[in-house]
Every structure is written in C-alpha cells, then in structure tokens.
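Welcome, and take a moment to look over the chain before reading on. The report below is meant as a friendly first tour.

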Amino acid sequence: MVVAAIGWAGWYRSSFHLWPWESIPPRIHWCGRDDDRGPGPALSARDVRDALGGTPRKVPEVPPLWRRHDVVAAVTEEDVHRRDPAAAGCATVISLRLAHGRHLTYELQGSL
C-alpha cells in the first residue's frame with residue numbers, strides 16, 4: 001500500500017508539476033505546451049485583463065485534485081479554430097485565478 005501511494009504521488013508530480021498536497025503549480029501544461037510561472041506578485045483581475053490583451057475566459061482547472069484553481073486565457077484553441085478551421089494555436093500568456101480575485105501569470109515556456 002505504501003509503495004502504491006509513493007508511486008501514485010510520483011506519477012502525480014511528473015504529470016502535474018506539483019505534489020498532491022500542493023495547490024499552486026510552478027508550471028501548467030495546457031494546450032499541448034508548458035507554461036512557467038511568471039515573475040512578480042499576484043495581480044488583480046483588471047491587471048490580468050490588460051496583460052492578456054482581452055477578456056479572460058476559463059480554460060482548464062488545476063490541479064485536478066483538492067484545491068483547484070481556474071486557468072484563464074484571452075484566446076483559446078477553439079477561438080483560433082472558429083476564425084480559421086485550418087489554424088492551430090493558443091494564448092502565450094495564461095493566468096491562474098486564486099481566491100479574492102487575485103491571479104498569477106504564467107508564460108509559455110521559453111518565451112521569458
């Protein structure tokens with residue numbers, strides 16, 4: 001039982017970039033890419049709207065267990081497909097919504 005729990009915790013860590021008991025990941029995997037936590041403190045909803053360049057829309061929730069947070073982006077993959085069915089793409093900056101309307105910014109890995 002202990003070996004199974006340790007194995008599951010290791011799988012969770014490698015899949016979601018955090019341990020099961022943590023709630024704010026250093027990296028978010030979304031839209032087939034990894035986004036790293038950006039520098040700086042948590043931002044207000046207005047600051048996030050300005051940083052994302054549009055009205056934030058909910059994409060996935062992370063982590064998948066316990067204290068979940070909404071991930072928001074100004075452009076989703078569905079938006080891109082709606083404009084051009086042959087196109088693919090996602091937002092390069094996303095935000096993790098915390099309590100009290102505060103957000104942490106995440107940027108596409110390698111774009112910092």
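What follows goes from the overall layout to the sheet, the core and a pair of buried residues.

## The overall layout

Please keep in mind from the start that this is a predicted model. The chain contains three helices and six strands. Read from the N terminus, these elements come in the order α-β-β-α-β-β-α-β-β.

Of the chain's 112 residues, 32% count as buried. Contacts also link parts of the chain that are separated in sequence: among those between residues at least 6 apart, 49% join residues at least 24 apart.

## The opening helix

Helix H1 covers residues 2-16, which makes 15 residues. From its first C-alpha to its last it reaches 21 Å, close to the 21 Å expected at 1.5 Å a residue. Just after H1 comes His17, with a positive phi of about 65 degrees.

## Six strands in one sheet

The six strands make up an open sheet, and their order across it is S1-S2-S6-S5-S4-S3, with antiparallel pairing. Strands S1 (27-30) and S3 (57-62) stand at the edges; each has a single partner strand, so one side of each is left without a neighbour in the sheet. From one strand to the next, the twist averages 35 degrees.

As general background, strands of a sheet pair through backbone hydrogen bonds, in either a parallel or an antiparallel way.

## Walking across the sheet

Let us start at the S1 edge. S1 is joined to strand S2 (residues 33-37) by four bridges, and the two run antiparallel. One bridge pairs His29 with Asp34 in S2. S1 and S2 form a hairpin with two residues between them, and Cys31 in the turn has a positive phi of about 60 degrees.

Next, S2 pairs with S6 over three bridges, again in the antiparallel sense. Here Arg37 stands opposite Tyr106 in S6. Further along, three bridges join strand S4 (residues 69-73) to strand S5 (residues 93-97), and these strands run antiparallel too. Asp70 has Arg97 in S5 as its bridge partner. Helix H2 (residues 45-52) packs on the sheet, where it touches S4, S5 and strand S6 (103-108). The direction of H2 makes about 165 degrees with that of S5.

## The nonpolar core

Which residues build the largest nonpolar core? There are twelve: Ile28, Trp30, Val62, Val71, Ala73, Cys90, Ala91, Ile94, Leu96, Leu98, Leu104 and Tyr106. The elements giving two or more residues to this core are S1, S4, S5 and S6.

Ile28 is a good residue to look at within this group. Ile28 lies in strand S1, and is it buried or exposed? Its relative accessibility is 1%, so Ile28 counts as buried. Leaving out residues up to four places away in sequence, Ile28 touches Arg33, Asp34, Asp35, Val62, Val71, Ile94, Leu96 and Tyr106. One of these, Val62, is 34 residues from Ile28 in sequence, while the C-alpha atoms of the two are 7.8 Å apart in space.

Another core member, Ala91, is in contact with Trp30, Arg33, Ala73 and Val75, leaving aside neighbours within four places in sequence.

## A buried polar pair

Which residue makes a side-chain polar contact with Ser95? The partner is His103, and the contact between the two side chains is 2.8 Å. Ser95 is found in strand S5, whereas His103 lies in strand S6. Both are buried: Ser95 has a relative accessible area of 1%, and His103 has one of 5%. Buried here means under 20%, which is why these two values qualify.

The surroundings of the pair can be described as well. Neighbours within four places in sequence aside, Ser95 is in contact with Val48, Leu52, Asp70, Val71, Val72, His103, Leu104 and Thr105. His103, not counting residues up to four places away in sequence, touches Ala42, Leu43, Ser44, Ala45, Val48, Val72, Ser95, Leu96, Arg97 and Leu98. Val48 and Val72 appear among the contacts of Ser95 and also among those of His103.

Conventions:
Residues are numbered from 1 along each chain as its sequence is written. This is a predicted model: local features need pLDDT of at least 70, side-chain atom pairs count only at pLDDT 80 or more; totals for chains, interfaces and linings use all residues. Side-chain values use heavy atoms; hydrogens and water are left out. The expected span of a helix is 1.5 Å times one less than its number of residues. Two strands pair if DSSP finds at least two bridges between them. Axes are lines fitted to C-alpha atoms, for helices over the stretch in contact, and angles run from 0 to 180 degrees between N-to-C directions. Contact means heavy atoms within 4.5 Å. Buried means under 20% relative accessible area, exposed over 50%, partly exposed in between (1.4 Å probe, protein chains only). A nonpolar core is a set of buried Ala, Val, Leu, Ile, Met, Phe, Trp, Tyr and Cys residues joined through side-chain atoms within 4.5 Å. A polar contact is a pair of N or O atoms within 3.5 Å; within protein, one must be able to donate a hydrogen and the other to accept it, and residues adjacent in sequence count only if both atoms are side-chain atoms.
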